[in-house]
Amino acid sequence: MTAVHEAHAEPHDHPHDHSHDHDHDHHHDHDHSHSEGGLWGMIASALHLPGYSHTHERPAPTDAIYADNLGIRTVQIAFVLLAVTTIIQFVIYLSSGSVALLADTIHNLGDALNSLPLWIAFMLARRAATRRYTYGYNRAEDLAGLVIVASIVFSAGYIFWESVQKLLHPQPLTHLAWVAAAAVIGFVGNLGVGLIQIRVGKQIGSEAMIADGRHAQTDALTSLAVLIAVAGTLLGYPIVDPIVGLLMGVVIVFIAREAMIAVWHRMMDAVDPKLIDEAEKVLKSHPEIKQVVRLQMRWVGHRLHADIIAALDENLTLSKSDEITDHVRHHLLHELPYLSEALISVVPWNEETLSYWEESRHHNLEAT
């Protein structure tokens with residue numbers, strides 16, 4: 001422990017342990033019980049699905065390689081599950097002619113294809129930064145989010161078109177038992193994918209994956225809506241089928257809206273204000289920092305970056321200032337699990353005045 005660590009840990013009675021010799025259990029609360037998440041958690045854990053492993057192989061969330069690999073595994077599994085679900089449903093649709101089932105099938109196909117841009121994005125994130133892409137390729141994940149939004153909008157439009165056509169040219173449904181079975185298959189496939197993607201997305205901080213997972217969970221409910229169309233036909237009301245298709249289209253429009261908002265926030269470098277509050281709490285817990293001049297945070301893909309300007313005593317040596325900022329950075333990385341980089345710059349501070357950036361002040365609007 002450096003002199004700065006000792007000075008901070010002893011005179012000031014802060015509740016956190018600045019030696020960071022503890023186990024940081026808040027980073028490892030995901031896999032200590034086979035029964036976590038109920039029956040689904042037990043099944044997923046037994047199958048070693050992403051985010052449900054109980055082998056204690058998980059490093060800290062700030063491990064970029066781990067996060068990228070986990071993201072790739074997740075989208076691979078999602079693609080396979082939804083592709084199989086789509087194929088089964090499409091075969092049954094060809095025999096039954098249910099537009100509600102077609103709507104669910106097309107939407108599942110879109111969900112499966114949504115895994116591809118995420119897959120590519122996570123693969124790109126593993127590439128090292130270059131002299132042209134000096135921040136790396138993590139922003140590709142945000143571009144994948146745009147592709148996902150576009151596919152959701154397209155699927156809603158296609159479903160509306162097919163439903164209207166079925167209203168204008170009604171056709172009787174056949175093979176109702178198979179249609180019902182296809183609805184259940186769609187429900188199970190989408191629910192499983194949604195649970196995995198949301199869990200892993202939260203684990204690694206991927207908003208695109210969380211949005212896709214919530215999308216899949218909603219699709220699980222729309223799959224069950226196909227059963228309403230089957231029931232309507234059995235009762236002698238075949239018009240229920242295209243009506244259910246239209247309602248599903250409306251639901252997908254709302255899903256698209258939520259996805260648009262989430263992607264907009266990421267593209268505009270928005271963060272949850274709670275993250276700023278947590279970072280400020282950490283910074284203020286260090287008495288060496290006399291003032292936080294600037295605190296900015298943004299997501300780059302599923303990695304969180306922070307830019308901080310802190311005022312320290314002007315009489316500190318350069319080496320002491322470096323020890324302090326490194327200690328603070330270490331603390332931030334422990335307290336904010338998604339944080340992968342914290343760039344801390346220092347300006348001089350004294351009790352009488354805070355003076356810095358004198359020559360360049362007229363170029364910096366924030367300093368005027």
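**Figure 1. The largest pocket of the predicted model.** The space in this pocket comes to about 670 Å³. The lining of the pocket counts 29 residues. Closest to the centre are E207, I210, R214, R266 and D272. Rolling a probe the size of a water molecule over the atoms shows where such empty space is left.

**Figure 2. Helices around the largest pocket.** Four helices each give at least two residues to the lining. They are helix 6 (176-204), helix 7 (207-234), helix 8 and helix 9. Helix 8 spans 240-267, and helix 9 spans 273-284. The largest share of the lining comes from helix 8, with seven residues.

**Figure 3. Residue classes in the pocket lining.** Nonpolar residues number 16 in the lining of the largest pocket. Charged residues number eight, and polar residues five. E207, R214, R266 and D272 are among the residues closest to the pocket centre, and so is I210.

**Figure 4. D269 in the loop between helix 8 and helix 9.** The loop that holds D269 follows helix 8 (240-267) and leads to helix 9 (273-284). D269 is not a glycine, yet its phi is positive, about 60 degrees. Most residues other than glycine have a negative phi. D269 has a relative accessibility of 29%, so it counts as partly exposed. The cut-offs for that class are 20% and 50%.

**Figure 5. The hairpin of strand 1 and strand 2.** Strand 1 covers residues 291-300, and strand 2 covers residues 303-313. The two strands run antiparallel and are joined by nine bridges. One pair is R294 with I309, its bridge partner in strand 2. In a regular strand the side chains alternate between the two faces of the sheet.

**Figure 6. The turn of the hairpin.** Two residues lie between strand 1 and strand 2. G301 sits in this turn. The phi of G301 is positive, about 70 degrees.

**Figure 7. The chain as the setting for the close-ups.** The chain has 10 helices and three strands. Their order along the sequence is α-α-α-α-α-α-α-α-α-β-β-α-β. The chain has 368 residues, and 45% of them count as buried. Among contacts with a separation of 6 or more, 72% join residues 24 or more positions apart. The accessible surface of the chain is about 18900 Å². Carbon and sulfur atoms account for 62% of that surface.

How values were computed
Residues numbered from 1 in each chain as written. Predicted model: local features only at pLDDT ≥ 70, side-chain atom pairs only at ≥ 80, totals over all residues. Heavy atoms only, no water. Buried < 20%, exposed > 50% of the residue type's maximum accessible area, 1.4 Å probe, protein only. Contact = heavy atoms within 4.5 Å. Areas by Shrake-Rupley, 256 points an atom, 1.4 Å probe, with all protein chains shown as cover. 1 Å grid on protein atoms, 1.4 Å probe; cavity = no way out; pocket = protein on both sides within 12 Å on 5 of 7 lines; lining within 4 Å. Points joined across faces, edges and corners; volume = space filled by probe spheres on them. Nonpolar A, V, L, I, M, F, W, Y, C, P; charged D, E, K, R; others polar. Pairing = 2+ DSSP bridges.
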